[in-house]
Amino acid sequence: MTVPRTPVHRSPGTPAVEPAAFRPRAAVLRRHRPSAPLALFALALPALLVACSADPPPAPPPPDPGPVAVDAARDELAALAAAAQDRHLTAHYKFGRSGEADRTIVVTSANDGSWRVDVPGGALGGASDISLAATADGLFQCALPSAARPEPPSCVRLGDTDDALPRRLDPRVQHPFTDWLEVLTDRRAPLSISPAQPLPGVPGSCYSVETTAASLNAPLDVGIYCYDQDGTPTAVRTDYGTLTLAGPPAPAPASVQLAGPVVDREPLGTASPPPPDPSDSPSAGTQ
């Protein structure tokens, strides 16, 4: 059945517009077909949603901060040790060890760079007093008169000025005033340094010194090292014992003097001499 078309009334000059029901189908399709950019966006939208829901990529690593700055405590101790190397004086130190009576160590650092350290009980297991000295002529050990060895003082040359003492001859108390100062000023030395509480009655600044490398020959003894601001060593505490400044230092001499003449003999070791062989002593009843 044919549906009658309703006539459309229009004013003169108005273009004729047909109802949508009577427009060709192609025209309707053209009106509702999406444009090309819109179609591409519709296709890409699912991929964008998947990308947004995925985990974000890891953050890039932080930039290299560069070399680690040298610890401030190490700088401070190195500066004080350098000042101690240039500090020329004559000073008395109390040396204490557990189970032993205190002794007085005399340290002389002369203006020409020579040095001398007098060590009561420094040889023969504490029975003999000695003096160690380094001059332009070499490194010397001097035997001092004592109750166990009342002979006049005499010295024996141990080697060149910078030679290391063999362990059997080393009383150790001289190191904080001599070669250990070089270790404390060396930034390459395997040391860990931190501020420490001042030792009782000790002026100046104190630092805890540890070694960071396991070695049978550590560059110095670990412990507490204390210095005044002018570089004067005021205290050293290690497992070996404790050195404490006993009074204000005196001026240094121009050069140190050996305690006695240089002779040709064997140096005195730190160990106690062996007990006498009973077979060497006269037996009872022997005339």
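This is a short tour of the pockets, the cavity, two sets of paired strands and the disulfides of a predicted model.

Before you start, note that residues are numbered from 1 along each chain as its sequence is written, and that side-chain values use heavy atoms, with hydrogens and water left out. Because the model is predicted, local features need pLDDT of at least 70 and side-chain atom pairs count only at pLDDT 80 or more, while totals for chains, interfaces and linings use all residues.

**Stop 1: the largest pocket**

Select Q174, H175, T178, D179 and W180, which lie nearest the centre of the largest pocket. A pocket here is an open set of points on a 1 Å grid over the protein atoms alone, with protein on both sides within 12 Å along at least five of seven lines. This one holds about 1100 Å³ of space; a volume is the space filled by probe spheres set on the points, which are joined across faces, edges and corners.

Now widen the selection to the lining, meaning residues with an atom within 4 Å of a point. There are 38 such residues. Colour them by class and you should find 19 nonpolar, ten polar and nine charged. The classes work like this: Ala, Val, Leu, Ile, Met, Phe, Trp, Tyr, Cys and Pro are nonpolar, Asp, Glu, Lys and Arg are charged, and the others, Gly among them, are polar.

Which element gives the largest share of this lining? That is α4, with four residues. At least two residues each come from α3 (72-85), β1 (89-96), β2 (103-109), β4 (128-135) and α4 (179-185). These helices (H or I, at least four residues) and strands (E, at least two) are DSSP runs, numbered from the N terminus.

**Stop 2: the second largest pocket**

Next, pick R97, R103, G121, G122 and Y240, the closest to the centre of the second largest pocket among the 13 residues that line it. Its volume is about 170 Å³. Strand β3 (residues 115-123) gives the most to this lining, with three residues. By class, the lining has five nonpolar, five polar and three charged residues.

**Stop 3: the cavity**

A cavity is a set of grid points where a 1.4 Å probe fits but cannot get out. The count comes to one cavity of 30 Å³ or more, and the volume of the largest cavity is about 80 Å³. To see its walls, select F95, R172, V173, P176, W180, D221, V236, T238, Y240, G241 and L243. Strands β10 (233-238) and β11 (241-245) are the elements that give two or more residues to this lining. Seven of the lining residues are nonpolar, two polar and two charged.

**Stop 4: β5 and its partners**

Show strand β5 (residues 138-144). Seven of its seven residues are buried, so β5 is largely enclosed by the rest of the structure. Buried means under 20% relative accessible area, with exposed over 50% and partly exposed in between (1.4 Å probe, protein chains only).

Strands count as paired if DSSP finds at least two bridges between them. β4 and β5 run antiparallel, joined by seven bridges, and form a hairpin with two residues between them. Look for I130 opposite A143 in β5. Strand β6 (residues 154-159) also pairs with β5 in the antiparallel sense, over five bridges; here Q141 has V156 as its bridge partner.

Stay here and show C142 and C155. A disulfide joins them, S to S 1.9 Å; the cut-off is a pair of cysteine sulfur atoms within 2.5 Å. The torsion about the S-S bond is about 100°, so this disulfide is right-handed. C142 lies in β5 and C155 in β6, so the pair ties together parts that are 13 residues apart in sequence. C142 and C155 are buried.

**Stop 5: β9 and its partners**

Move to strand β9 (residues 223-227), where five of the five residues are buried, so β9 is largely enclosed by the rest of the structure. Strand β8 (residues 205-211) pairs with β9 in the antiparallel sense over five bridges, and V209 stands opposite G223.

On to β10: five bridges join β9 to β10, and the two run antiparallel. One bridge pair to display is I224 with R237 in β10. The two strands form a hairpin with five residues between them, and G231 in the turn has a positive phi of about 95°.

Finally, select C206 and C226, whose sulfur atoms are 2.0 Å apart in a disulfide. This link is right-handed, with 110° about the S-S bond. C206 sits in β8 and C226 in β9, so the pair ties together parts that are 20 residues apart in sequence. Both cysteines, C206 and C226, are buried. The disulfide count comes to two, and the pairing of the bonded cysteines, numbered in sequence order, is 1-2, 3-4.
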